[in-house]
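Here is a short briefing to read alongside the structure. Take a look at the chains below, and then we can walk through a helix, an interface and one residue.

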Number of protein chains: 2
Amino acid sequence: MLEDKNTQKTSLAELGEFGLINHITKYFKINHSSTVKGVGDDTAVLDASEKQTLVTTDLLIEGVHFDLSYMPLKHLGYKAVMVNLSDVYAMNGVAEQITVSIAVSNRFPLEAIEELYAGIQLGCETYNVDLIGGDTTSSTKGILISVTAIGKATKEEVVYRNGAKETDLIVVSGDLGAAYLGLQVLEREKQVFKVDPNNQPDLDNYTYLIERQLKPEARKDVAGLLKELEVKPTSMIDISDGLSSELFHICTQSKVGCKVYEDKLPLDPQVISACEEFELDSTMVALSGGEDYEILFTVPIADFDKIKGNPNFSIVGHVVAENQGLNLVTRANQEIELKAQGWSSIKG
Amino acid sequence: MLEDKNTQKTSLAELGEFGLINHITKYFKINHSSTVKGVGDDTAVLDASEKQTLVTTDLLIEGVHFDLSYMPLKHLGYKAVMVNLSDVYAMNGVAEQITVSIAVSNRFPLEAIEELYAGIQLGCETYNVDLIGGDTTSSTKGILISVTAIGKATKEEVVYRNGAKETDLIVVSGDLGAAYLGLQVLEREKQVFKVDPNNQPDLDNYTYLIERQLKPEARKDVAGLLKELEVKPTSMIDISDGLSSELFHICTQSKVGCKVYEDKLPLDPQVISACEEFELDSTMVALSGGEDYEILFTVPIADFDKIKGNPNFSIVGHVVAENQGLNLVTRANQEIELKAQGWSSIKG
């Protein structure tokens, strides 16, 4: 992207910091009445609230978290917003505001930053979130984005990681492993491109996988779906580092163990076929692939009837006593101890 | 610093991300009752409040905002906190929480990160602020810190940049230009060190300048001092980019002009002598030197008696009509138009 040599480019130095801030924020609208003051003073000002405030922050760095050779800047901006909103939704809250700080090296023209902010803006509009501040600066290498998201929930609504109880059901939204496989497809195409830049990749069989990697959606809807079902989760976390890793967080903080059933893991057909092609174990990918941004939660077993058969949710296991540990029950009915590994562990 | 080759070093890879977060956050205490949940869940949770919430964020990048050859990591951590708290105080608010995200390359051992967090912790303790979250990740080059500060103020207490009125007095806390000159001294010593590493610098004449550069203090006290004096500022901003630049922000947003008097600018004796030594104009340094982290504010002229003679404050000028522009009145009683230049402009 932005590689058309004939396109007019504007250097960031021409604009200066304040010019850049004005330029990129003028298309952002403030939608929440709680946003008293957004960009343009020493701090943003949010109105008093009877709800609790949720605050989360994430840092995305070029060469560590993303590769611009296949990640368009607009998608990067969108994803940077999603990653943070996902944490607010994983508290059973509503995201209302974000701040975005970026550092960019002088290899990026203004038009590249506009692309990035177009993605941030799309994320804000789609998820009804106000951009209220940030910082823009130069970097000595590459691009990085630091987003802080702020949300609201009543004290009664907030769901922590530490409330899972023995016999609770373990539930996940959506399906698992697709974003990790999308990354594998994109990495493979990058290698092919290096060898033969004229090769036109046929990615039709991987559209879902690639979309999950390049344009993930945060599960804003889960809190509402659960409210409709009159289910209050006992614990909740978003799946950013893989199901295993998130189960470890919940079990450690709740002082419980868990049993997860291999045949219950929700897999998209594209995940299954891509696993065959890449000779990867789909269960490993579902457990340890990252960046799904689905929600993992536990509910009392009494809510079984409310959750079962709901197309948004899969019951993947149940909570057991702490001394039983964390185990996967295989299709052959064998129990294997789960490891708290993130997605980097599949790669090696 | 941390250059003793005999010191035991711990690589960050040994600890892993969660190990690192546990390690660096275990010494941080939560002091505010408004901090319901700090580090350890998807988001931090802050209690409901009848006050407005103030949010600000800043990004500090090695090679752009600081040079580790003379900036000890502990000071860097402290300064990263100050820079953000200063923005909250410049809204006439009280800072209560911060999040800190860092990215570090593998050239830094754990002990270096401990130094950085020791400075962050000292800042948190001294200013009574809770560390409630953050992100730690690797970088491909150098170190960067992204801090978000959260504060509180009643709706009536918040002071914006846009309330300055004609005839208002323009006031600054403390003195100006010292941090900029401290940077000049440190840069000079760095060059000397390159030529002769055994040279022992004598910095006795520059202690105040260097302290202002390496260990700035945010003006937490100004809000309280003004409350005691029963003065409510009409506009307020912190001086991070130089007095001129901040006056432009206030005048632009308040739709007014200003007159600032050269002979009223508060200068420390070390600033005056260092300006002579470096052959710099002390007025230029006071107007355009950055990183003072003092507070600039305007008050109704009726409050003159309350402010005058107060050792914390200097009345440097007054607000005029917008069409009169922004001007400096020199010692020779000449009017010179102010330019909105930051400190980078003196360097060239």
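Helix α2 of chain B covers residues 73–89, 17 in number, and reaches 24 Å from its first C-alpha to its last, close to the 24 Å expected at 1.5 Å a residue. The expected span is 1.5 Å times one less than the number of residues. This is a predicted model, in which local features need pLDDT of at least 70, side-chain atom pairs count only at pLDDT 80 or more, and totals for chains, interfaces and linings use all residues. Residues are numbered from 1 along each chain as its sequence is written, chains are lettered from A in the order in which they are written, and side-chain values use heavy atoms, with hydrogens and water left out.

**Helix α2**
- In α2(B), 15 of the 17 residues are buried, that is, under 20% relative accessible area with a 1.4 Å probe, protein chains only.

**Where the chains meet**
- 58 residues of chain B are in contact with 58 residues of chain A (heavy atoms within 4.5 Å).
- The rule finds four salt bridges across the interface of chain B and chain A (a side-chain nitrogen of Lys or Arg within 4 Å of a carboxyl oxygen of Asp or Glu).
- B:D41 forms a salt bridge with A:R161, with their closest N and O atoms 3.5 Å apart.

**B:S146**
- B:S146 lies in strand β6 (residues 143–153) of chain B, a strand being a DSSP run of E with at least two residues, numbered from the N terminus.
- B:S146 is buried, at a relative accessible area of 2%.
- B:S146 and B:L60 are 86 residues apart in sequence, yet 6.3 Å apart in space, C-alpha to C-alpha.

Key. Helix = DSSP H or I, 4+ residues; strand = E, 2+ residues; numbered from the N terminus. Buried < 20%, exposed > 50% of the residue type's maximum accessible area, 1.4 Å probe, protein only.
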